[in-house]
Structures are given as C-alpha cells and as structure tokens.
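This report describes selected features of one structure, grouped by topic. Please consult the sequence and the model shown below while reading.

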Amino acid sequence: MKAALLYGPGTADQFSLEDKPIPTPQFGQVLIRVKAFGLNRSELMTRKGLSPNVRFPRVLGIECVGEVAHDPTGEYAPGQQVAALMGGMGREFDGSYAEYTVVPKSIIYPFLSTLSWTELGAIPEMFQTVYGSLHLSLRIQPGETLLIRGGTSSIGMLATQMAKNGGLTVLATTRNVDKEALLAANGADYVLIDEGSLYNQVRAIFPNGIDKVLELVGTTTLQDSMYCLKPGGTACMTGMLSENWSIATFSPMEFIPATVHLTVYDTGQIRSEAIAFQQFIRTVEAGQIKLNVSQVFTLDNIEKAHQLMEQNKAGGKIVVLT
C-alpha cells in the first residue's frame, strides 16, 4: 500500500510517499481500506512538532472513511462502510494518510450512504466536533443567540448551518472582509469583522450580550469572546486556529466574567452516538446541510493539501482521496 510518512517535524514537503506492507489487524481491531479523509488543523500542529508525545516516523491522519477490508472477529463484513476518528489515530498509531489503516473498533462508526467518498470524507471529525460542541457542551436551544468565532473555518461553516437548523440566531466572524458574503450565504444572521476585539460590535447589536459562544480561534481571543456573553451565558472553546494551546497567566477570577460559564469540547474525550452520525448523513443526503468542501486532492498531493491548509485560504474542508 501507499502511505505518506513523516519522519520528523517539519514543513509540508517533508512527507514521503512510500510503499509499505498492508498492516494486519489484531483482535479488537479492524483493517480499513481508506477511501477518503479530511485534513485537520491538529494534523498541521502535529506536523510542526507541536503535538506532545507523538513519536516519529508516523503516518498522520485523525479521521477517515472507507470500507472494512478485514475484521478478525467477523463482526463487520468486508465492504461495510465505516468512518474512524480520533482515539490516538495518527498520533499514538499510524493514521489515515494511507491506502489502508488498522484502528481499534472503539473508534469506528458503521454507516450506510449513497454520498460520494469526497462528501463522506468531509464528515467524520467535522460532524463530531460541531455536534459535540453545540449539543453536548453548549446545549443550544431554539431562540438563543450564538457567536461563532472563526466562522470561515470548516467547523465554523458547518456550525452555522446546524445552529440555524436548530432555530438559533448566529453571529459569525471573519478577519477578511472579502469573506463577508461567504458567511452570509452560509446562513449567518450577522457577519462581524474580527480585528481582535468583538465586544463593542456584539453589544451594539445585543446590548445585554448573547447566550452562547463557540470559540474556534482559541486562547488569544477567548476572554474577549466571554465578555460578549450575557450573565449565565456559556462559552465553549473547541478550536485553536491561533495554534496557541494555553494561557500564560490564567487568573480565573479576573479572566472569567461573573456568572458566565466556560467549557470545552474534545472528540478525544467524549463522542456522539453512532445513530447521531447516521442521522447527520441522512440530513446531508436530504439537502438540509450543505457540506463546504473547498478543494479535493489525491494522496500523492498531500504536500500541496497541507500547504493550502497552512495558508488559511481553503474556505472550507480539504478532502484527500486515496
């Protein structure tokens, strides 16, 4: 099989496309014939050497869709459509940047779909992150106001659609005025140009503040986002587009506004039910959700795919076909 190996942290041109033996699944594992996978910012950070405890050489890739090639227990029949994500994939063990990958059953979602592999490749991590952030962490309700900071990211674009379908009023941000129309066309009720502080813009529209914040930029803007909330509001930090993991001097009494709640969402810690994954696929098939796939690459162009992600010019999910 072909696999894109990374022998150490570095730039996108450090990927080495090589022939490797197809791995053999052990008990409790499944061999997947990878059809497609989406790119994620966390993989960019791993490539740069910013993910702790990752040992090289490593095949990156925290998600994939494909077909079961072999399940030693026979639970999954050959050809069964499956998605796999997180659980150490692409970090603790080799991931999806390959024609085959072996993963533990615990991270597999079986499904049935008529969507193309390109469409399916955009779904796993993007859906899990948005569904978990909105429903498990923020517990959104119809009629609420939601600020999505980092609205042009693939997560932000999907979160806008899912929140609108849930009956919320959505404010979405971008640093680029040229992307204002993109966010409006995606369903955002208000588009805010983010120059580092949103407090005055948000309070000009909603003087008492908003109900919920989905923070995708990260620690550099988190405090400003929290001050946009009304008393009792909730902020969920999910993304780190700023590539900043931590806050140097964190003083909770000064950082968090009184009565405002702060939470996080991490697919590695908590996952949605398999039925929610299948139901989401059905909404895409029915045209109720439009997947924002920006560009599609093949595995032998993984270098160019990573370069596009690093340039922040994708405007949606980058999908790679094997």
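## Basis of the description

Helices and strands are DSSP runs numbered from the N terminus, with at least four residues for a helix and at least two for a strand. On that footing, Pro-57 falls in the loop between α1 (41-47) and β4 (58-59). The model is predicted.

## Pro-57 and Pro-9

The peptide bond that leads from Phe-56 into Pro-57 is cis, with omega near 0°. A second proline, Pro-9, belongs to the loop between β1 (2-6) and β2 (16-19). Pro-9 and Pro-57 are 48 residues apart along the chain, and their C-alpha atoms are separated by 9.4 Å.

When neighbours within four places in sequence are set aside, Pro-9 is in contact with Arg-47, Lys-48, Gly-49 and Phe-56. Phe-56, one of these contacts, is also the residue from which the cis peptide bond to Pro-57 runs.

## Salt bridges centred on Arg-149

The structure holds 14 salt bridges. Side chains of opposite charge can pair when their charged atoms come close. Arg-149 takes part in a salt bridge with Asp-194, at 2.8 Å from N to O. Asp-194 sits in the loop between β11 (190-193) and α6 (199-205), while Arg-149 is in strand β9, so this pair ties together parts that are 45 residues apart in sequence. The relative accessible area of Asp-194 is 9%, so this residue is buried. Arg-149 is likewise buried, with a relative accessible area of 0%.

Arg-149 also forms a salt bridge with Asp-224, where the closest N and O atoms are 2.8 Å apart. Because Arg-149 lies in strand β9 and Asp-224 in helix α7 (residues 222-226), the pair ties together parts that are 75 residues apart in sequence. Both Arg-149 and Asp-224 are buried.

## Further salt bridges

Which residue does the side chain of Lys-212 meet in a salt bridge? The partner is Glu-144, with an N to O distance of 3.0 Å. Lys-212 is part of strand β12 (residues 210-215), whereas Glu-144 occupies the loop between α3 (124-137) and β9 (145-149), so the salt bridge ties together parts that are 68 residues apart in sequence.

Is Lys-212 buried or exposed? The threshold for a buried residue is under 20% relative accessible area. At 8% relative accessibility, Lys-212 therefore counts as buried. Glu-144, at 16% relative accessibility, counts as buried as well. Elsewhere, Lys-20, Arg-58 and Asp-94 are linked in a network of salt bridges.

## Packing of α3 and α4

Two packed helices are described by the angle between their axes and the distance between the axes. For α3 and helix α4 (residues 154-165), the axes come within 9 Å and cross at roughly 55°. The two helices are therefore oblique to each other, and their crossing is right-handed.

The contact involves Glu-125, Met-126, Phe-127, Thr-129, Val-130, Tyr-131 and Leu-134 on the α3 side. On the α4 side, Ser-154, Ile-155, Leu-158, Ala-159, Met-162 and Ala-163 contribute to the contact.

## Positive phi angles

Met-86 is not a glycine, yet has a positive phi of about 55°. The residue lies in the loop between β6 (81-85) and β7 (100-104). With 10% relative accessibility, Met-86 counts as buried.

Arg-139 is not a glycine either, and has a positive phi of about 50°. Arg-139 is placed in the loop between α3 and β9. The relative accessible area of Arg-139 is 58%, so this residue is exposed, whereas Met-86 is buried.

## Cysteines

How many disulfides does the structure hold? The number is 0. Cys-236 is in no disulfide, and the nearest cysteine sulfur, that of Cys-228, is 16 Å away. A disulfide would need the two sulfur atoms to lie within 2.5 Å. Cys-236 counts as buried, at 0% relative accessibility. Cys-64 also counts as buried, at 1% relative accessibility.

Methods
Residues numbered from 1 in each chain as written. Predicted model: local features only at pLDDT ≥ 70, side-chain atom pairs only at ≥ 80, totals over all residues. Heavy atoms only, no water. Buried < 20%, exposed > 50% of the residue type's maximum accessible area, 1.4 Å probe, protein only. Salt bridge = Lys/Arg side-chain N within 4 Å of Asp/Glu carboxyl O. Axes fitted to C-alpha atoms, helices over the stretch in contact; angles between N-to-C directions. Parallel < 35°, antiparallel > 145°, perpendicular 65-115°, else oblique. Left-handed = near helix turned anticlockwise from the far one by under 90°. Contact = heavy atoms within 4.5 Å.
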